[in-house]
Amino acid sequence: KAAVAASVNEAFVRAALPQLDAILFSYVCHETQAHQHELFAHILRCCKPSAVLVVLDLWLVDMENIARAVSEVAATCADRRFEMRPLGSSQYFQFKGLAIRPMAK
C-alpha cells in the first residue's frame, strides 16, 4: 500500500523491477485491493517488456478489478500493450488468476 517513492519500495522499484522476468502476486489482491494502489500501476508501466506477471486470488471480482486496472494503464501507455490470459478456475485449480504480459505496441 505504500507509495512508489516510499523507502520500503525503493530497492524493488529502482533495482529489481527492471531485471525481473516474472512477478507473482499470490493471494494478496483481495486483502490489499492492489488494483487501487499506484505501485501496481507502476509495476505494469515499468517492468521489462518480456516479464510475466501472475496474479492469483480466490475471488473473481479481484481478477475483474485487476483486469480493469491493467486496461486503464494500457490506455495511458504509448509504448506498450498487455496480453491477459485467465488461469485456474477448475475443479483441480480452485483459484482465480491472470497471467499478464506487457508487450511493445
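**Glu83 and its surroundings in a predicted model**

Good morning. I begin with one residue, Glu83, which counts as partly exposed because its relative accessibility is 24%. The cut-off for a buried residue is under 20% relative accessible area, and exposed begins over 50%. Please keep in mind throughout that this is a predicted model.

What does Glu83 meet in a salt bridge with Arg101 or Arg85, and at what separation? The side chains of Arg101 and Glu83 meet at 3.1 Å, taken from N to O. Arg101 belongs to strand β4 and Glu83 to strand β3, so this pair ties together parts of the chain that lie 18 residues apart in sequence. Arg101, like its partner, is partly exposed, with a relative accessible area of 35%. Glu83 also forms a salt bridge with Arg85, where the N to O distance is 2.9 Å. Through shared partners, the salt bridges join Glu83, Arg85 and Arg101 into one network.

How many salt bridges does the model hold? The count comes to four. Another of them lies in a helix: the side chains of Arg14 and Glu10 meet at 3.4 Å, again from N to O. These two residues are four apart in helix α1, which means that about one helical turn separates them. Arg14 is exposed, with a relative accessible area of 65%, whereas Glu10 is partly exposed, at 39%.

Let me now step back to the overall plan. The protein has four helices and four strands. Read from the N terminus, the order of the elements is α-β-α-α-β-α-β-β. Of the 105 residues in the protein, 35% are buried. Consider next the contacts between residues with a separation of 6 or more: 69% of these involve residues 24 or more positions apart. The accessible surface comes to about 6,300 Å², and carbon and sulfur atoms account for 58% of that surface.

We turn to the strands. Strand β1 covers residues 22-26, and its side chains alternate between two faces. Which residues of β1 are buried? Ile23 and Phe25 point to one face and are buried, while Ala22, Leu24 and Ser26 point to the other and are not. Strand β1 runs parallel to strand β2, residues 52-57, and five bridges join the two. Within this pairing, Ile23 stands opposite Leu53 in β2.

Helix α3 deserves a moment of attention. In this helix, residues 38-46, the buried residues are Leu39, Phe40, Ala41, His42, Ile43 and Leu44. What do they pack against? Their partners are helices α1 and α4 together with strands β1, β2, β3 and β4. If you wish to find these elements in the structure, α1 spans 7-16, α4 spans 60-76, β3 spans 80-88 and β4 spans 96-104.

One residue of helix α1 offers a closer view of contacts with α3. Asn9 is found in α1 and is buried, with a relative accessible area of 10%. Setting aside neighbours within four places in sequence, Asn9 is in contact with Ala2, Ala3, Val4 and Leu39. Leu39, you will recall, is one of the buried residues of α3.

After helix α3 comes a loop leading to β2, and Pro49 is found there. Is Pro49 buried or partly exposed? Pro49 is partly exposed, with a relative accessible area of 48%. Not counting residues up to four places away in sequence, Pro49 touches Arg80, Pro102 and Met103. Pro49 and Arg101 are 52 residues apart along the chain, yet 7.4 Å separates their C-alpha atoms. This brings us back to Arg101, a member of the salt-bridge network with Glu83 and Arg85.

Finally, a word on the surface. Tyr27, Leu58, Trp59 and Val61 make a nonpolar surface patch of about 390 Å². Val61 lies in helix α4, and its relative accessibility of 44% is why it counts as partly exposed.

To close, I would ask you to retain three pictures. The first is the network that links Glu83, Arg85 and Arg101. The second is helix α3, whose buried residues pack against elements that include α1, β1 and β4. The third is strand β1, with Ile23 and Phe25 on the buried face. Thank you for your attention.

Technical notes. Residues are numbered from 1 along each chain as its sequence is written. This is a predicted model: local features need pLDDT of at least 70, side-chain atom pairs count only at pLDDT 80 or more; totals for chains, interfaces and linings use all residues. Side-chain values use heavy atoms; hydrogens and water are left out. Buried means under 20% relative accessible area, exposed over 50%, partly exposed in between (1.4 Å probe, protein chains only). Two strands pair if DSSP finds at least two bridges between them. Contact means heavy atoms within 4.5 Å. Accessible areas come from the Shrake-Rupley method with a 1.4 Å probe; for residues, only the protein chains shown count as cover. Patches are made of residues with over 30% relative accessible area and no salt bridge: like charges are joined within 9 Å, nonpolar side chains (Val, Leu, Ile, Met, Phe, Trp, Tyr) within 5 Å.
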